[in-house]
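Grab a pencil and work through these exercises with the structure open beside you. Each one sets a task and then walks through a solution.

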Amino acid sequence: MHLFTPNHVSLIAACYPSSSALASSSPEYRPNAQELSKLTYYAANRPGKINKLGGELEKRVKAGCHKAQYGNVRARASLLITLSVLRALAVECRRDISLLSPALVACLKVTLDSLSSDLEVVARAASVFTAWCTFTDGHVIEADSHLARDYLAVLRRFAQLSTADVKSVDHELRNRTRLVGLAALTGAVNSEALYCSSNQYKPQASIISRALLFHVMNAELSVLDECAEAIKSNATSIYLAEFRSRPVIERRAASIHAHVDGESGPSSSDVLNTSLRALQHMVQHSNGAQMGLLMQATFESLGDLKVWEKLDQCRWLAQKACEWAQYQYRYAVPTRLVEQLLLIQDSSICTAQHRALATMVPTVFTSPVPLVNLSTSDIISNLITLVLRRVSIDPQDALLPSLVECISSLGTHIYYSDQIQDLASELVSRLVTVEMQGVTGRDKERGDCRRSQAIRCLLAGLLGLMRAADGSQVVSDDKNIPQITPSSSVPQNNDPSQRPPSHLSRRTRVSGEVWHETLSLLCDGDYSVRNDYAHTLVDYLRKEIPKRGDTTDENGVRRSRPLVEGSPTHQANSIGILLYGDSATRSLHATHAYLFILATTSSLGISFNSTPSPAYSTSGDIPSIGVTAPTPQNESGPVNGHSADPHGSSPARKSPGLLARTRKISNAQRLLESVPEKVSAAASASLSDYALILYVLSAIHEEVPTRGLLVGLPMLMALHETTEVEDGTNEASKQRMKVIHELLARVWLVLGRVWECTELVDLAEKALLTMKAAPTLPSLPEFIPGVLRPAQTEVRFPPIEAEGAVEPWSNVNAEEALAMLVSSKSVQEATGLDRQGLLRRCSAKWTVDMALRDSADRPNNHRMMEGGSPLLKLSPALMAIENLSLQSLTRSVRGVGVTDLRDALEGRAGASNPALVRRPSVSTLECSPSLDLRSSPLGLTRSRSRPKKRAVTSSAGEVRDVLNRLGIGKQNGSSLLKASFQSPI
């Protein structure tokens, strides 16, 4: 050694064996232990010399790599010893590792660039890299651009080694090479260098994730499950799981070896196991922002690897990503999946990436892994936008069924009671906009097709959303869907014991106010839309519509509980719902109106050229159908953003655009004007449409029998009147009337079975037996809820071959059927009305205009309180109940004050409660046919239950009684009046 050689150079040189002993230092290639300890002691106590030590070692590495490339054995041995010295310095100088980092990473870069095929050298370099990753805090990478560049280059080299395909028949050699690369990447995954900087996270994650996903995506699904279970049950080390939380001084760096004598070579499962562990640690250590970057890097890696076609592995990966992520950051997985779909939404064809992403989203939502901080409103809005965009590109796009499944699966995660109603409101809002405005696209000639397909997609998603919220599984072999047969078009599966079990849920049901916006789809111009909506409506009626007051008795027949049972409060509430109506009742009014239009009108669909009628208000959520509101908007409209509904408060739904609302109101006016007085051959409804009408009416009377009875019977009578035409009617009109008669007969049959009216059942069955020739109502195909199925085609009326081809038959006499039904004891008990009252209500004149007006009226809670307690307005029905005191129901609990004294002096104290002296209530037996008792220009004049009498002046006894109650009357035998407050003594 030269006399003037620097001390740090001398210390480094002393660590190497003599030149003659270098070649024989194999297989360990270790530096002299005593001299190495001197070097590390020197570096640890003199941090200022670390830079010089690193520079000297870097020179030796470059020289050794240059010579070793040409087969110099001594140079290779010297290089291995130099790498051992570097690792020792990194471990002992852990507190000052940032000073050694530039030289150490540069040495690794040179080594891997020169000798990447030498497995022993690479393993020694990986050991050095792991030691550095263990002790660095990562901030030095952000500060030094050259170091960051070298660090990423080293990561790429190790990533290449982890996926290397060694050209050798020895699979053990390939697996060893991959394990060495994966070991180094594991060190990076467990290092602060990956997580300390957001700017440096994305490039590192892209490199690491691609190498790890290479093994995951190329493995069989069963092997993945086995390895994941093994990782879950057998952790490698508690220390490794917690090392990031330990102080640097306490950390230990792993040592990597290419091969250990006596051990068999690694298998492919070992490689996969290592990859999964590294991927799991990477996901577990990432925060919310980093999870988003990691998901983006994952998408890029899957594209580079061209493995989007492997749907099973993609779904498995999405589910495990949610499971491994920290609880509060799991939302990033589905959010990024949907955002990635939006980024590629403009593609003209459905690619493998589209299909994979669309299958990963429902996998995440339907998995048992809980999600928090998930913005369901943003996700469903993005999914709806994506559906409309794909429809605008191609109405038959192969991605649409998967997107519908994504929307449906969102209902499996409920975080607050009104969530499903809010999501349904968003869907309905977009549905109304599409219904009125259509969907723009490249091909203008296919506008109607795009509009219909978009509506059908949103309907399927809406139904799937509600089904998923109740825990119902959407399966293709659903046996519980009622079928309509030619012999009997009534759904056969009416026994509640045969129906799927109902899932109790604390979520808020989708209110009738929200659903009301969609009812016009019953009269859409496209049969496929009408068919899908009718099935969706029936499902809503059976599982979603509020059924307050409707129960199921021991025989399985749905009906309201008789008014003679239950508490007075329950009786009053039941009557209030039946007479004044809630959101469900108003929806039933609109449903019957649109069904009547569908059965009779000759003009279905939307007319975009029509102008709104000035009789309609475009500021409200529901058209007023040409009727001025009888109460101010602040009384009958929404209060504080919530509609006043006796059923319960529900959030105000989102209003569609002004243009869509204007067109919707105008179209309602056009449909109203097109309703004929009598049925003719010009009607647009097909045989399938009448089967759908029967399907909907049957569901109404089975699920909400009491409301369906009071709302629907007048409509059935009006529909029967439209078929009473002269004898000179053409054969086509006779054919249509015959179908309507069959429809009515089957509805009467349903009513007879629901209310257990055997006479009505016999009457309907006898009439149906007399029907001989076609046409008859066709059967409806199987409907799978929440699944976008192909568009259905309608069954039209067969052509008339000759005069007299339509044979007459003995249809059900509507008046006779109505008389049987109102005479039923069960009907009278459920409604609280006698036979005359029922007959008067059900046989009253019914028009579409009146039904739509009743559906548009939204009474608030204050309307029933006008002039007294709501119980008083229902007094005629309640007074028929035995031992029920009207005064006890309306007794006030407030104290007596000056107002009572004034009323007594003025002669208005004729009852024990001030509410009893207001104007008389309206009799429920003598009111107009409409369920809404408010004044209406088209309504009948209301009659009073008793004539109005002139107020009688009160007697002196009444005044004295009030004075005594006020404490200022005669007390303790004294006739002197005393003041309310005692004077001070």
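**Exercise 1. Find which residues aspartate 539 is in contact with, leaving aside its neighbours within four places in sequence.**

Solution. Keep in mind that this is a predicted model.
- Step 1: skip the close neighbours in sequence, and the contacts of aspartate 539 are Leu463, Arg467, Glu544 and Pro785.
- Step 2: place the residue, and you'll see aspartate 539 sits in helix α25, residues 527–543.
- Step 3: check its burial. Aspartate 539 has a relative accessible area of 10%, and the cut-off for buried is under 20%, so aspartate 539 is buried.

**Exercise 2. Work out how helices α15 and α17 are oriented to each other.**

Solution.
- Step 1: find the helices, α15 at residues 268–285 and α17 at residues 311–324.
- Step 2: look at the axes, which come within 9 Å and cross at roughly 50°.
- Step 3: name the arrangement. Angles of 65 to 115 degrees would be roughly perpendicular and those under 35 roughly parallel; α15 and α17 are therefore oblique.
- Step 4: add the hand, since α15 passes α17 in a right-handed crossing.
- Step 5: list who touches whom. From α15 come Leu276, Leu279, Gln280, Val283 and Gln284, and from α17 come Trp316, Leu317, Ala321 and Trp324.
- Step 6: sort these residues by class, and you get seven nonpolar, two polar and no charged.

**Exercise 3. Do the same for α10 and α15: what is their angle, and which residues make the contact?**

Solution.
- Step 1: α10 covers residues 171–189, and its axis lies 10 Å from that of α15 at an angle of about 10°.
- Step 2: that angle is under the 35 degree cut-off, so α10 and α15 are roughly parallel.
- Step 3: α10 brings Arg174, Asn175, Arg178, Leu179, Leu182, Thr186 and Val189 to the contact. On the α15 side, the residues include Asp270, Val271, Ala278, His281 and Met282.
- Step 4: by class, this contact has six nonpolar, seven polar and three charged residues.

**Exercise 4. How many disulfides does the structure hold, and are cysteines 322 and 757 buried or exposed?**

Solution.
- Step 1: recall that a disulfide covalently bonds the sulfur atoms of two cysteines.
- Step 2: count them, and the answer is zero.
- Step 3: cysteine 322, at 0% relative accessibility, is buried. Cysteine 757 is buried too, at 4%.

**Exercise 5. What percentage of the chain's residues are buried?**

Solution.
- Step 1: take the chain as a whole, with its 985 residues arranged with 42 helices and four strands.
- Step 2: buried residues make up 54%.

Definitions and conventions
Residues numbered from 1 in each chain as written. Predicted model: local features only at pLDDT ≥ 70, side-chain atom pairs only at ≥ 80, totals over all residues. Heavy atoms only, no water. Axes fitted to C-alpha atoms, helices over the stretch in contact; angles between N-to-C directions. Helix = DSSP H or I, 4+ residues; strand = E, 2+ residues; numbered from the N terminus. Parallel < 35°, antiparallel > 145°, perpendicular 65-115°, else oblique. Left-handed = near helix turned anticlockwise from the far one by under 90°. Contact = heavy atoms within 4.5 Å. Nonpolar A, V, L, I, M, F, W, Y, C, P; charged D, E, K, R; others polar. Disulfide = S-S within 2.5 Å. Buried < 20%, exposed > 50% of the residue type's maximum accessible area, 1.4 Å probe, protein only.
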